[in-house]
Structure formats: C-alpha cells, structure tokens
Amino acid sequence: MKNTKQQLIIEQVDKKLKAFESLKENKIPTNGWVKAVRTALKMSLRQLGSRMNFSPQNIRQLENREIAGTISLNTLRDVANAMDMQLVYGFVSKHESLEQMIEKRAAALATEIVMRTNNTMTLEDQQNSELRIEKAIAQKTAEIKHEMPKYLWD
C-alpha cells in the first residue's frame, strides 16, 4: 500500500464490512421491509401513518417507493423509528476483502499495461517469453498495489 495510514484505513473499513458478511444471502421481502414488518406487527397503514404524521395513502406510496427502490435512507430511518426499530445500512463486498479487490484490479491493470507493451515489442520482432511476461505482470501488479495510483479505478 502507499503508506501505513492507507493500509490502516483499508483494514478498518474491511472490519466494518465483515459485520455485514452474513447478510450476503439475505433477500429483501417481495413487498419490501416496511410492509413485511408492519404486517408482522399487525400494524395498519393508518396506525403507522399516525405514528409518522402521514396519511394511510402516504404510507402506501412509501411502501411502493421502497419496492421501486426510490425511497430515501432518511425516510427508511423515519419509518424504522416509527416502528420502534433501527435502520442498519452498509455494503457487502463481492470479494473476500478490500485488499483482494485492490489486488484483482491491480493485476488486471498490470496485465493490460504489460500486454500493450508486449504487443508493440512483438510488432518490432522483439517479443518476450511467457515467463518474462508473467514476471513483468507480477512486478507491475505489486507496483500498482503499493502505489495505489489515481488511475487504478479508471
């Protein structure tokens, strides 16, 4: 990594992301969380609306916005409070860690850079061996991972 501070940040964020790992397979109820919890509590649209100073129609619209994915986090937080719950928000990584994500991206970028150079050298009849190409990719990957340049995510 570029420096110890950056490494520490990655480790701290990774630790926070791990807390959500068990939720990776958790699916959103078909009718959304608001309606699922509201009906489980046997709370009517009117009752939830009254707790939020909304009309029953507004609660129905709110539930529809959740299903459509257009509801705001603030609104979900307000609904959670009205149902005596807490909204929890986070990301679940598609990788084992941020470190692995960086490694994968650095390797892809390094491969692209090395192969571009190799193609030019091949055109000039100065091609490298497979072993040399693999070593160059590994070296470039390590360099990119260490420096974490701004173009890493371009």
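**Exercise 1. The largest pocket**

Task: State the volume of the largest pocket in this predicted model, and describe its lining by residue, element and class.

Solution.
Step 1. The volume of the largest pocket comes to about 1,000 Å³.
Step 2. Its lining counts 28 residues. Nearest the centre of the pocket lie I28, W33, L76, L87 and V88.
Step 3. Three helices each supply at least two lining residues: α2 (32–40), α4 (56–68) and α5 (73–82).
Step 4. Sorted by class, the lining of the largest pocket holds 19 nonpolar, seven polar and two charged residues.

**Exercise 2. The cavity**

Task: Determine how many cavities of 30 Å³ or more the structure holds, and give the volume and lining of the largest cavity.

Solution.
Step 1. One cavity reaches 30 Å³ or more.
Step 2. The largest cavity has a volume of about 50 Å³.
Step 3. Its lining is formed by D14, L17, K18, E21, S93, H95, E96 and S97.
Step 4. By class, this lining divides into one nonpolar, three polar and four charged residues.

**Exercise 3. D14, a residue of the cavity lining**

Task: Place D14 in its element, decide whether D14 is buried or exposed, and list its contacts beyond four places in sequence.

Solution.
Step 1. D14 belongs to helix α1 and is one of the residues lining the largest cavity.
Step 2. The cut-off for a buried residue is under 20% relative accessible area. D14 has 14% relative accessibility, so it counts as buried.
Step 3. Once neighbours within four places in sequence are left aside, D14 is in contact with S97, L98 and E99.
Step 4. D14 and S97 are 83 residues apart along the chain, and their C-alpha atoms are separated by 6.2 Å. S97 also appears in the lining of the largest cavity.

**Exercise 4. Nonpolar cores**

Task: Describe the largest nonpolar core, find which element gives the most to it, and name some residues of another core.

Solution.
Step 1. The largest nonpolar core has 14 residues. Those with the most contacts inside it are I10, I102, V114, I137, I144, M148 and L152.
Step 2. The elements giving two or more residues to this core are α1 (4–18), α6 (98–123) and α7 (130–147).
Step 3. α6 gives the most to this core, with six residues.
Step 4. Another core, of 13 residues, lies apart from the largest one; L48, M52, I59 and I71 are among its members.

**Exercise 5. T141**

Task: Which residues does T141 contact beyond its neighbours within four places in sequence, and is T141 buried or exposed?

Solution.
Step 1. T141 is found in helix α7.
Step 2. Relative accessibility is 6% for T141, so this residue counts as buried.
Step 3. With neighbours within four places in sequence left aside, T141 is in contact with E103, A106, A107 and A110.

**Exercise 6. The overall fold**

Task: Count the helices and strands, and explain why the protein is more spread out than a compact globule.

Solution.
Step 1. The protein has seven helices and zero strands. From the N terminus on, the order of elements is α-α-α-α-α-α-α.
Step 2. For 154 residues the globule rule gives 15 Å, and the radius of gyration is 25 Å, well over that value, so the protein is more spread out than a compact globule.
Step 3. The C-alpha trace spans about 75 × 35 × 25 Å along its principal axes.
Step 4. Of the 154 residues, 28% are buried.
Step 5. Among contacts between residues at least 6 apart in sequence, 64% join residues at least 24 apart.

Definitions and conventions. Residues are numbered from 1 along each chain as its sequence is written. This is a predicted model: local features need pLDDT of at least 70, side-chain atom pairs count only at pLDDT 80 or more; totals for chains, interfaces and linings use all residues. Side-chain values use heavy atoms; hydrogens and water are left out. On a 1 Å grid over the protein atoms alone, a cavity is a set of points where a 1.4 Å probe fits but cannot get out, and a pocket is an open set with protein on both sides within 12 Å along at least five of seven lines; lining residues have an atom within 4 Å of a point. Grid points are joined across faces, edges and corners, and a volume is the space filled by probe spheres set on the points. Ala, Val, Leu, Ile, Met, Phe, Trp, Tyr, Cys and Pro count as nonpolar, Asp, Glu, Lys and Arg as charged, and the others, Gly among them, as polar. A nonpolar core is a set of buried Ala, Val, Leu, Ile, Met, Phe, Trp, Tyr and Cys residues joined through side-chain atoms within 4.5 Å. Buried means under 20% relative accessible area, exposed over 50%, partly exposed in between (1.4 Å probe, protein chains only). Helices (H or I, at least four residues) and strands (E, at least two) are DSSP runs, numbered from the N terminus. The radius of gyration is taken over C-alpha atoms; the globule rule is 2.2 Å times the number of residues to the power 0.38. Contact means heavy atoms within 4.5 Å.
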